[in-house]
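Me: I have a structure to go through and would like to ask about it piece by piece. Can you take a look?

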Amino acid sequence: MFANSCTVVLDLVPHCASSPRAEWSGDDDLRPLSEEGMRQAAVLGEVFEPGVDAVYSSPSLRCRQSVAPLAAAGGVPVVSEDRLREARGFAEPAAWTQGVFEPIGPSLGGAWAAGRALGALAEIAARHQGGHAVACSHGDAIPAVLVYLAAAYGCELPQIVGRGSWFRLRLERGRLSMTGMRPDGSRPTRLV
């Protein structure tokens, strides 16, 4: 988990709209953004304020493409981080999601995905103490992380955002707040 002394802004970006999975026959890691996703990524590159210290991404092409304009605008590289990969149906760890554990397999797989991504985020936060880092991942892994963090830190879940938006985590000496962010500056409405 995050160190209690850590102060950092960490933006979690779900990858922008991608080419439909059902229409893609190649390696899923090579599935690109759609035209709409490329437009969303360009907007992210325009709206992020100067001062982003680092940009991390799942190795998947659609994630790297989502934050490439943002990284270019900030003059930083996109650093590949394997632990930000897609949860792949919450099927890991396989031995614990099958057999006697099958009824709770998706929950265990969600915990695995959250733990894997959280390990990466904790290291990113420690590297950028006092700064601002961005991490791009997938629409299944990010919600698992946010739910885990809300429970662990006793804070509210952020409002849900769509593609082309992001979640801002603000960690200040052991206290965490999470906010859903949109490129136009508006806050998403809370779902009831």
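The chat below goes through a helix, two strand residues and the nonpolar cores.

Me: Before I start, what kind of model is this?
Reply: This is a predicted model.

Me: OK, helix α2. How far apart are its end C-alpha atoms, and does that agree with what its 14 residues should span?
Reply: The end C-alpha atoms of α2, which covers residues 61-74, are 20 Å apart. At 1.5 Å a residue the helix should span 20 Å, so the two agree.

Me: Where is the kink in α2?
Reply: At Ala68, shortly before the proline Pro69; the kink is about 40°.

Me: Which residues of α2 are buried?
Reply: Arg62, Cys63, Ser66, Val67, Leu70 and Ala71.

Me: And what do those buried residues pack against?
Reply: They pack against four strands and a helix by name: β1 (7-14), β2 (54-57), β3 (78-80) and β4 (132-137), along with α1 (35-47).

Me: What follows α2?
Reply: Gly75, with a positive phi near 70°.

Me: Moving on to Val78. Where does it sit, and why does it count as partly exposed?
Reply: Val78 is in strand β3. Its relative accessibility is 31%, and partly exposed means between 20% and 50%, so it falls in that class.

Me: What does Val78 touch further along the sequence?
Reply: Leaving aside neighbours within four places in sequence, Val78 contacts Val55, Ser57, Arg64, Val67, Ala68 and Ala71. Val67 and Ala71 are also among the buried residues of α2, and Ala68 is where α2 has its kink.

Me: How far is Val78 from Tyr56?
Reply: They are 22 residues apart in sequence, and their C-alpha atoms are 5.5 Å apart in space.

Me: New topic: His132. Buried or exposed?
Reply: Buried, because its relative accessibility is 8% and the cut-off is under 20%. His132 lies in strand β4.

Me: Which side chain does the side chain of His132 make a polar contact with?
Reply: That of Asp11, at 2.5 Å. Residues that His132 touches also include Val9, Phe48, Glu49 and Arg168.

Me: Last thing, the largest nonpolar core. Which residues touch the most other members?
Reply: Of its 32 residues, these are Phe2, Leu12, Leu121, Leu149 and Leu169. Helix α3 (105-127) gives the most to this core, with eight residues.

Me: What is Leu12 in contact with?
Reply: Its contacts beyond four places in sequence include Leu121, Ala135, Ile142, Trp166 and Leu169.

Me: How many residues are in the second core?
Reply: That separate core has 17 residues, including Val13, Ala41, Leu70 and Val76.

How values were computed:
Residues numbered from 1 in each chain as written. Predicted model: local features only at pLDDT ≥ 70, side-chain atom pairs only at ≥ 80, totals over all residues. Heavy atoms only, no water. Helix = DSSP H or I, 4+ residues; strand = E, 2+ residues; numbered from the N terminus. Expected span 1.5 Å × (residues − 1). Bend = angle between axes of the 7 residues up to and from the residue. Buried < 20%, exposed > 50% of the residue type's maximum accessible area, 1.4 Å probe, protein only. Contact = heavy atoms within 4.5 Å. Polar contact = N/O pair within 3.5 Å; in protein donor to acceptor, adjacent residues only side chain to side chain. Core = buried A, V, L, I, M, F, W, Y, C linked by side-chain atoms within 4.5 Å.
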